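User: I am new to this structure and would like to learn how to read it step by step. Could you walk me through the features one at a time?

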Amino acid sequence: MAEKLRAGLIGAGLIGKFHTFMIGRAARAGKLPFEMGLAFDVDETKLPPLVDMGWEIAGSAEEVCESSDLLWICVPTAHHKPLVELGIAHGCAVFCEKPLGRDLNEALAIGKVIADRPAQVGLVLRTAPPFRVAKEAMPRIGEVQAISFIDDQFVPVQKQYASGWRADPELAGSGVLLEHSIHDADLINWLAGPVNWVIGETGSFLNIAPGIEDMASLQMGLAGGGVASLNTTWHNVTGRESSRHIQILGTEGVIVIRHEVQGPVEIHVGDTSEVLELGQLFARMLEIEPGWYGETDLLEHVCNEDARFVRAVVEKAPPTPSIEEALEAHRIVQAGYDSARTGERISLV
Ligand SMILES: NC(=O)c1ccc[n+]([C@@H]2O[C@H](COP(=O)([O-])OP(=O)(O)OC[C@H]3O[C@@H](n4cnc5c(N)ncnc54)[C@H](O)[C@@H]3O)[C@@H](O)[C@H]2O)c1
């Protein structure tokens, strides 16, 4: 390995540009021993802006893998597996976007390819202040009795999601539950799991394409005895941003998350109540995890999942969310589809 690790990127669409921004923040901060190297996208029109953001342009995915120690895979889901195989064959540590695969079997196959190599999955909401603060507050709310996740988004093939692959089951695998709400399955499992059983229903109101559902409703049994519900939809309300509303009801406290990124987050315990707006969430985040190098800009490291990945690789620590954690979310999602198809309650234990 070179003295500085070299980062590489495959896929320069929506999330590839987002990671580029975050990777750039961490690289420019200069505290982690890595630098931006090569980037590639099959669509050449996507590449020029990346040069301004610090990448050199490669002629192929293989070229990126050959020259990278750290590889970000940010392509439609169907292409994750071949690119993970390529990256692992070239000795890269791999950051692969979620969902890992188009179904549980493909995700498990990717897990086998990665085996014990350093790898992280783009379940990025765990790093968002509302969820980090909620996670920290969980021990204060007693036993979790019930959780409600309501998640809605306009059909993501337009506006900032201006690409059609999410409407193609060959590329996406399925619809809103896998493509969007695997985040919710992961968050429920992380905050209050493990999830022991799943009952699911799915629906297609908008006829996006056969196999691309726009509604899913899951009930999930938590190991502690409580129950989580998830209602998630894709709709035609293009003026509305993607939004999650969450209530976590415990015997001693209640947590309400009104927006997944900005908050506010309400924490009610016994007689006390606090409402944390975005600035207070940032401050609380820095109490939970102070800036690694004394910095106060959360996007440089603490809330930057790409910096977290680089640091884990540098320190030879296991990156998180790990492949196994992502597979747990895949198992929940798959159980939701299996339950919807069979009408059965699916056990995960
Ligand atoms: N973590 C998150 O919150 C989050 C958010 C959005 C998307 N995603 C995931 O990221 C992945 C990409 O989504 P997106 O929104 O960026 O899609 P996108 O359509 O905006 O971008 C995908 C890019 O990959 C390129 N591409 C396709 N096949 C390729 C290949 N074989 N080699 C190189 N480039 C290729 C396309 O040309 C396109 O530029 C998906 O798996 C999606 O589920 C995750």
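## Reading the model together

Analyst: Happy to! Let us start at the ligand: one of its oxygen atoms is 2.9 Å from a polar backbone atom of Lys98. The protein buries 88% of the 840 Å² that the ligand exposes when taken alone. Please keep in mind that this is a predicted model.

User: How many residues surround the ligand, and which are the closest?

Analyst: There are 27 residues around the ligand, and the closest are Asp41, Lys46, Ser163, Arg166 and Glu179. Two of these can be followed down to single atoms. In Asp41, a polar side-chain atom lies 2.6 Å from an oxygen atom of the ligand. In Ser163, an N or O atom of the side chain is 2.7 Å from an oxygen atom of the ligand.

User: Now the sheets, please. In what order do the strands of the open sheet run?

Analyst: A sheet is read by going from strand to strand across it. Here 6 strands form an open sheet in the order 3-2-1-4-5-6, with parallel pairing. Strand 3 (56–57) and strand 6 (119–121) are at the edges with a single partner strand each, so one side of each has no neighbour in the sheet. At one of those edges, strand 2 (residues 34–40) pairs with strand 3 in the parallel sense over 2 bridges. Leu38 has Glu56 in strand 3 as its bridge partner.

User: Which strands does helix 4 lie across?

Analyst: Helix 4 (residues 80–89) lies across strand 1 (5–10), strand 4 (70–73) and strand 5 (93–96). To read the direction, compare the N-to-C directions of the two axes. Helix 4 runs at about 175° to strand 4, which means that their N-to-C directions are nearly opposite on a scale from 0 to 180 degrees.

User: How do I read strand 13, and what are its partners?

Analyst: Look at both of its sides. Strand 12 (253–257) and strand 13 pair in the antiparallel sense over 5 bridges, and Ile257 stands opposite Val265 in strand 13. Strand 13 also pairs with strand 14 (residues 272–276), again in the antiparallel sense and over 5 bridges. In that pairing Glu266 stands opposite Val275 in strand 14. A hairpin is formed by strand 13 and strand 14, with 2 residues between them, and Gly270 in the turn has a positive phi of about 55°.

User: Is strand 13 mostly covered or uncovered?

Analyst: Mostly covered, since 4 of the 5 residues of strand 13 are buried. In general, side chains in a regular strand alternate between the two faces of the sheet.

User: Where is His259, and is it buried or exposed?

Analyst: His259 sits in the loop between strand 12 and strand 13 (265–269). The cut-off for buried is under 20% relative accessible area, so His259, at 16%, counts as buried. Apart from residues up to four places away in sequence, His259 touches Pro130, Ser242, Arg244 and Pro264. There is also a link within the loop: a polar atom of the His259 side chain lies 3.2 Å from the backbone nitrogen of Gln262.

User: Pro130 belongs to helix 6. How many residues of helix 6 are buried?

Analyst: In helix 6 (residues 129–137), 7 of the 9 residues are buried, so the helix is largely enclosed by the rest of the structure. The buried residues are Pro129, Pro130, Phe131, Arg132, Val133, Ala134 and Ala137.

User: What should I look for in the backbone angles?

Analyst: Most residues other than glycine have a negative phi, and most peptide bonds are trans. Exceptions are worth a look. Lys159 has a positive phi of about 50° without being a glycine. Lys159 is in the loop between strand 7 (144–154) and helix 7 (169–172) and is exposed, with 51% relative accessible area. Asn207 also has a positive phi, near 50°, and is found in the loop between strand 8 and strand 9 (215–222). At 61% relative accessibility, Asn207 counts as exposed.

User: And which peptide bonds are cis?

Analyst: The bond from Gly193 to Pro194 is cis, with omega near 5°. Pro194 is in the loop between helix 9 (182–192) and strand 8 (195–203). The bond from Thr320 to Pro321 is also cis, with omega near 0°; Pro321 is in the loop between helix 11 (305–314) and helix 12 (323–342).

Methods. Residues numbered from 1 in each chain as written. Predicted model: local features only at pLDDT ≥ 70, side-chain atom pairs only at ≥ 80, totals over all residues. Heavy atoms only, no water. Pairing = 2+ DSSP bridges. Contact = heavy atoms within 4.5 Å. Buried < 20%, exposed > 50% of the residue type's maximum accessible area, 1.4 Å probe, protein only. Polar contact = N/O pair within 3.5 Å; in protein donor to acceptor, adjacent residues only side chain to side chain. Near = heavy atom within 4 Å. Areas by Shrake-Rupley, 256 points an atom, 1.4 Å probe, with all protein chains shown as cover.
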